[in-house]
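Biologist: Could you walk me through this model, please? I would like the reasoning along with the numbers.

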Amino acid sequence: MNFKVREKVVCIDDSDTKDSIYLKDLGVIFPKKGEIYTIRSIENNINGIGFLLDEIRNGLIEYLDGVSEQTFKSSRFRKLNYEFAENLLAKIKEEVMSNNN
């Protein structure tokens, strides 16, 4: 799947790995399943394609191959389905309006 910087994505997998448990102990913040994020940067590293997100800004971490901010695997995200979101918002608005009358 082709992602772009500034694109909205939804986290679909926030399960822990051995590495993420260690990084959380260091204070690294991770995306939460079901939350919407904006891609700040797309990085190609030893683990594949990873994202930096506008909504999560972690400090730099020293790795064996250098110093960088923790990226999040692209496979843990899907593109935001705008049509679905717009339909859902319209349905909620409809329900709120009918409850207010």
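Here are some questions and answers on the fold, the sheet and one loop residue.

Modeller: Happy to help! This is a predicted model, where local features need pLDDT of at least 70 and side-chain atom pairs count only at pLDDT 80 or more, while totals for chains, interfaces and linings use all residues. Residues are numbered from 1 along each chain as its sequence is written, and side-chain values use heavy atoms, with hydrogens and water left out.

Biologist: In which order do the elements of the chain run from the N terminus on?

Modeller: Helices (H or I, at least four residues) and strands (E, at least two) are DSSP runs, numbered from the N terminus. By that count the chain has two helices and seven strands. Their order is β-α-β-β-β-β-β-β-α.

Biologist: What is the radius of gyration of the chain, and why does it count as more spread out than a compact globule?

Modeller: The radius is taken over C-alpha atoms, and the globule rule is 2.2 Å times the number of residues to the power 0.38. For 101 residues that rule gives 13 Å, and the chain lies well over it, so it is more spread out than a compact globule; its radius of gyration is 17 Å.

Biologist: Which strands are the edge strands of the open sheet?

Modeller: Two strands pair if DSSP finds at least two bridges between them. The open sheet has five strands in the order β6-β3-β2-β1-β7, with antiparallel pairing. The strands that pair on one side only are β6 and β7.

Biologist: Which residue is the bridge partner of Val-9 in β7?

Modeller: Strand β1 (residues 8-11) is joined to β2 (residues 36-45) by three antiparallel bridges, and there Val-9 has Tyr-37 as its partner. β1 also pairs with β7 in the antiparallel sense over three bridges. In β7, the partner of Val-9 is Lys-79.

Biologist: Is Ser-74 buried or exposed?

Modeller: Ser-74 sits in the loop between β6 (72-73) and β7 (77-79). Leaving aside residues up to four places away in sequence, Ser-74 touches Phe-3, Ile-49, Gly-50 and Phe-51, where contact means heavy atoms within 4.5 Å. Buried means under 20% relative accessible area, exposed over 50%, and partly exposed in between (1.4 Å probe, protein chains only). Ser-74 has 17% relative accessibility, so the label is buried.

Biologist: How many of the 101 residues are buried, as a percentage?

Modeller: The same cut-off of under 20% relative accessible area applies here. Across the 101 residues of the chain, the buried share is 30%.
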